[in-house]
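This briefing introduces a protein structure to a reader who has not met it before. Please keep the sequence and the structure in view while reading.

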Amino acid sequence: MAKQLIVKSPTAVKPSTKPNLAFDPTVFLKTEGRGRTIGRYSKDQPIFSQGGTADVLFYIISGTVKIVVHSELGKEAVIALLGQDDFFGEGCLAGQSHRLSAASAITDSDILRITKPAALKALREHPALSEMFVAHIVARTIRVEADLIDQLFNSSEKRLARALLLLANFGNDGKPQRVIAKVSQEMLADMIGTTRSRVSHFMNKFRKMGFIDYNGHLVINSSLLNVVLHDQPHIAGVKSVEGEVEGKGALKSL
């Protein structure tokens with residue numbers, strides 16, 4: 001009697017019990033991968049130049065970056081100081097072919113470079129990353145509008161106070177905040193649209209009133225908010241005179 005051939009049906013594939021790991025944008029932005037490389041920039045090292053090809057998005061893992069614009073006459077204006085977890089160079093994602101500004105590190109910095117195709121693909125595929133990026137764009141837009149209002153309507157003294165608070169990432173806990181980056185008075189003057197002597201004058205004024213401390217590092221105290229919150233702060237002690245010669249205890253640099 002012939003043996004009956006038994007054909008076994010293929011074994012069903014069991015669903016994987018391995019959990020699907022959720023996409024974490026913070027991990028994505030701090031690791032290398034396809035289209036993503038991490039670069040180490042030393043102090044004062046250029047990252048990109050004005051007029052250069054715009055084809056990369058940048059993300060600051062650590063450090064501080066200065067964004068500047070150069071005029072045809074060779075003048076330089078500081079338009080932003082960016083720190084950890086900030087994006088920059090995002091204009092390439094909106095069709096910008098050449099950089100409208102220049103960027104350089106002002107402290108040793110670790111920066112993620114994401115090629116334009118890789119950045120667009122990641123933003124399309126990962127809503128968490130898109131949400132984080134959009135929040136950054138909105139925050140930057142609000143900051144630019146506030147800077148413009150500050151420049152148009154506020155005194156140079158008030159603009160300097162606001163710039164120092166922003167540099168220190170001043171929070172709501174009221175504790176003194178240290179400014180990590182060593183920012184020169186020339187840079188502060190560029191940021192607020194005044195002269196270095198004027199900045200030096202106000203810095204000494206702030207120190208005498210206890211708004212800031214300086215002992216090797218600049219520390220911002222919560223009392224500096226008084227300058228920003230009041231249109232006419234009553235700060236006694238030093239007369240505000242354009243071009244006044246600084247005293248013996250003047251802060252020559254920060």
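The points below are grouped by topic. The structure is a predicted model. An open sheet of 4 strands is one of its features, and its largest nonpolar core has 28 residues. By the rule applied here, the salt bridges come to 5.

**Strand pairing**

- The strands of the open sheet follow the order β1-β8-β3-β6, and their pairing is antiparallel.
- At the edges of this sheet lie β1 (36-41) and β6 (87-88), each of which pairs on one side only.
- Within the sheet, strand β3 (residues 56-62) and strand β8 (residues 109-115) run antiparallel and are joined by 6 bridges.
- Opposite V56 stands T115, a residue of β8.
- Elsewhere, strand β7 (residues 102-105) is covered on both faces. A102 and S104 lie on one side of β7, A103 and A105 lie on the other, and these four residues are all buried.
- Strand β2 (residues 46-48) pairs with β7 in the antiparallel sense over 2 bridges, and F48 has A103 of β7 as its bridge partner.
- Strand β4 (residues 65-70) also runs antiparallel to β7, with 4 bridges joining the two. Here V65 stands opposite A105 in β7.

**Nonpolar cores**

- In the largest nonpolar core, with its 28 residues, L160, L164, F206 and L224 touch the most other members.
- Two or more residues of this core come from each of β5 (76-82), α4 (156-167), α5 (185-192), α6 and β11 (218-220).
- Helix α4 gives the largest share of this core, namely 6 residues.
- A second core, separate from this one, has 17 residues, including A54, L57, L112 and F133.

**Helix α6**

- Helix α6 (residues 196-208) has 13 residues, so at 1.5 Å a residue it should span 18 Å. The C-alpha atoms at its ends are 18 Å apart, which agrees with that expectation.
- A run of residues in α6 is buried: R198, V199, S200, H201, F202, M203, N204, K205 and F206.
- G210, just after α6, takes a positive phi of about 80°.

**Salt bridges**

- K205 and E157 meet through their side chains in a salt bridge of 3.3 Å, N to O. Because K205 lies in helix α6 and E157 in helix α4, this pair ties together parts that are 48 residues apart in sequence.
- Both partners of that pair are buried: K205 has a relative accessibility of 4%, and E157 has one of 12%. Each value falls under the 20% cut-off for a buried residue.
- R140 and E90 form another salt bridge through their side chains, at 3.8 Å, N to O. This pair links distant parts of the chain, 50 residues apart, with R140 in helix α3 and E90 in the loop between β6 and β7.
- R140 counts as partly exposed because its relative accessibility is 24%, whereas E90, at 17%, counts as buried.
- A further salt bridge joins E125 to K121, whose closest N and O atoms are 3.1 Å apart. Both residues lie in helix α2 (residues 116-125), with a separation of 4 residues, or about one turn of the helix.
- An α-helix has 3.6 residues a turn, so residues three or four places apart point the same way.
- E125 is partly exposed, with a relative accessible area of 45%, and K121 is likewise partly exposed at 43% relative accessibility.

**Helix α3 and the surface**

- L148, I149, L152 and F153 form a nonpolar patch on the surface, and their accessible area together is about 480 Å².
- I149, one of these patch residues, has its place in helix α3 (residues 127-153).
- R143 is also found in helix α3 and counts as partly exposed, since its relative accessible area is 29%.
- R143 and A80 are 63 residues apart along the chain, and their C-alpha atoms are separated by 9.7 Å.

Definitions and conventions
Residues numbered from 1 in each chain as written. Predicted model: local features only at pLDDT ≥ 70, side-chain atom pairs only at ≥ 80, totals over all residues. Heavy atoms only, no water. Expected span 1.5 Å × (residues − 1). Buried < 20%, exposed > 50% of the residue type's maximum accessible area, 1.4 Å probe, protein only. Patch = residues over 30% accessible without salt bridge, like charges linked within 9 Å, V, L, I, M, F, W, Y side chains within 5 Å. Areas by Shrake-Rupley, 256 points an atom, 1.4 Å probe, with all protein chains shown as cover. Salt bridge = Lys/Arg side-chain N within 4 Å of Asp/Glu carboxyl O. Pairing = 2+ DSSP bridges. Core = buried A, V, L, I, M, F, W, Y, C linked by side-chain atoms within 4.5 Å.
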